[in-house]
Amino acid sequence: MVRIVVFEKGLEDKIEFVRAKTRTQESWYYTVNPSGRVPYLVLDDGTGIEESHLIIRYLDHYDGHPVFDYPDGDDGWALRRLEARARSLIDGLSVWVRELARPEEDRSATIIAHEKERARRLTTWWDREIGHALMNGPLNIAQITLICALKLEERGIDFVWREQCPALAQWAGRIAALPSAAKALPKDGRNYLLFE
């Protein structure tokens, strides 16, 4: 999500992307960010910012011309509602991906089944709701969150949704083809540390 905003805002020359190795006990990354979460933005003064949406807000305001703020009024609440639903999908899929990263004997079939069913329900919901004007206007945080969730299908999980959700699949193809998304969405499951 952060990488899309970096490219949308034209901040590539202000950010250094560094691959962060997580979920290993001796990772150098834990000396930079003790929580181990990615992404993580380190400012020039050494201050660190954690959590995608907070980093996005910082980067969006960096040039004094934010484009990803919530609009006022009813559209602002509608966008927050859509973003929250997209976050539900990305959060559940992330649990699924992490569960599959565990040794096979330690994996929970119950958790995997739960997240697979949640993803099915949410993609079905999105297939009905993807025509919402806010999902088809200028790029916004709900759209960014949703496309990043849907691209988790490339993380080696049995996340099959395109055939059952043709409207969503068409929308995803259009958003993933945007220059910022095409450059930003990792093809290999990498994690990044951001330095300003």
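Is K9 buried or exposed in this structure? K9 counts as buried, because its relative accessibility is 14% and the cut-off for buried is under 20%. Keep in mind that this is a predicted model.

**The chain as a whole**

Let's step back for a moment. The chain has eight helices and four strands. If you read along the sequence, they come in the pattern α-β-α-β-β-α-α-α-α-α-α-β. The radius of gyration is 17 Å, close to the 16 Å that the globule rule gives for 196 residues, so the chain is as compact as a globular protein of that length. Along its principal axes, the C-alpha trace spans about 50 × 45 × 25 Å.

Buried residues make up 44% of the 196 residues. As for the outside, the accessible surface comes to about 10600 Å², and 50% of that belongs to carbon and sulfur atoms. Contacts reach across the sequence too: among those between residues at least 6 apart, 65% join residues at least 24 apart.

**Charges and how they pair**

The chain carries 27 positive and 31 negative side chains, with the centres of the two sets 4 Å apart. Side chains of opposite charge can pair when their charged atoms come close. Here the count comes to 12 salt bridges. Here are some of them:

| Salt bridge | Distance, N to O |
|---|---|
| D63 and K9 | 3.1 Å |
| D69 and R57 | 2.7 Å |
| K151 and E154 | 2.7 Å |

Back to K9, then. The salt bridge between D63 and K9 links distant parts of the chain, 54 residues apart. D63 sits in the loop between α3 (52-61) and α4 (73-101), while K9 sits in the loop between α1 (2-8) and β1 (16-19). The two partners differ in cover: K9 is buried at 14%, whereas D63 is partly exposed with a relative accessible area of 37%. There's also a third member to meet, as K9, D60 and D63 are linked in a network of salt bridges.

Now for D69 and R57, whose closest N and O atoms are 2.7 Å apart. D69 lies in the loop between α3 and α4 and R57 in helix α3, so this pair ties together parts that are 12 residues apart in sequence. D69 is partly exposed at 31% relative accessibility, and R57 is partly exposed as well, at 47%.

That leaves K151 and E154, whose side chains also meet in a salt bridge. E154 is partly exposed, with a relative accessible area of 41%.

How values were computed:
Residues numbered from 1 in each chain as written. Predicted model: local features only at pLDDT ≥ 70, side-chain atom pairs only at ≥ 80, totals over all residues. Heavy atoms only, no water. Salt bridge = Lys/Arg side-chain N within 4 Å of Asp/Glu carboxyl O. Helix = DSSP H or I, 4+ residues; strand = E, 2+ residues; numbered from the N terminus. Buried < 20%, exposed > 50% of the residue type's maximum accessible area, 1.4 Å probe, protein only. Rg over C-alpha atoms; globule rule 2.2 N^0.38 Å. Contact = heavy atoms within 4.5 Å. Areas by Shrake-Rupley, 256 points an atom, 1.4 Å probe, with all protein chains shown as cover. Lys, Arg positive; Asp, Glu negative; His and termini not counted. Charge placed at Lys NZ, Arg CZ, Asp CG, Glu CD.
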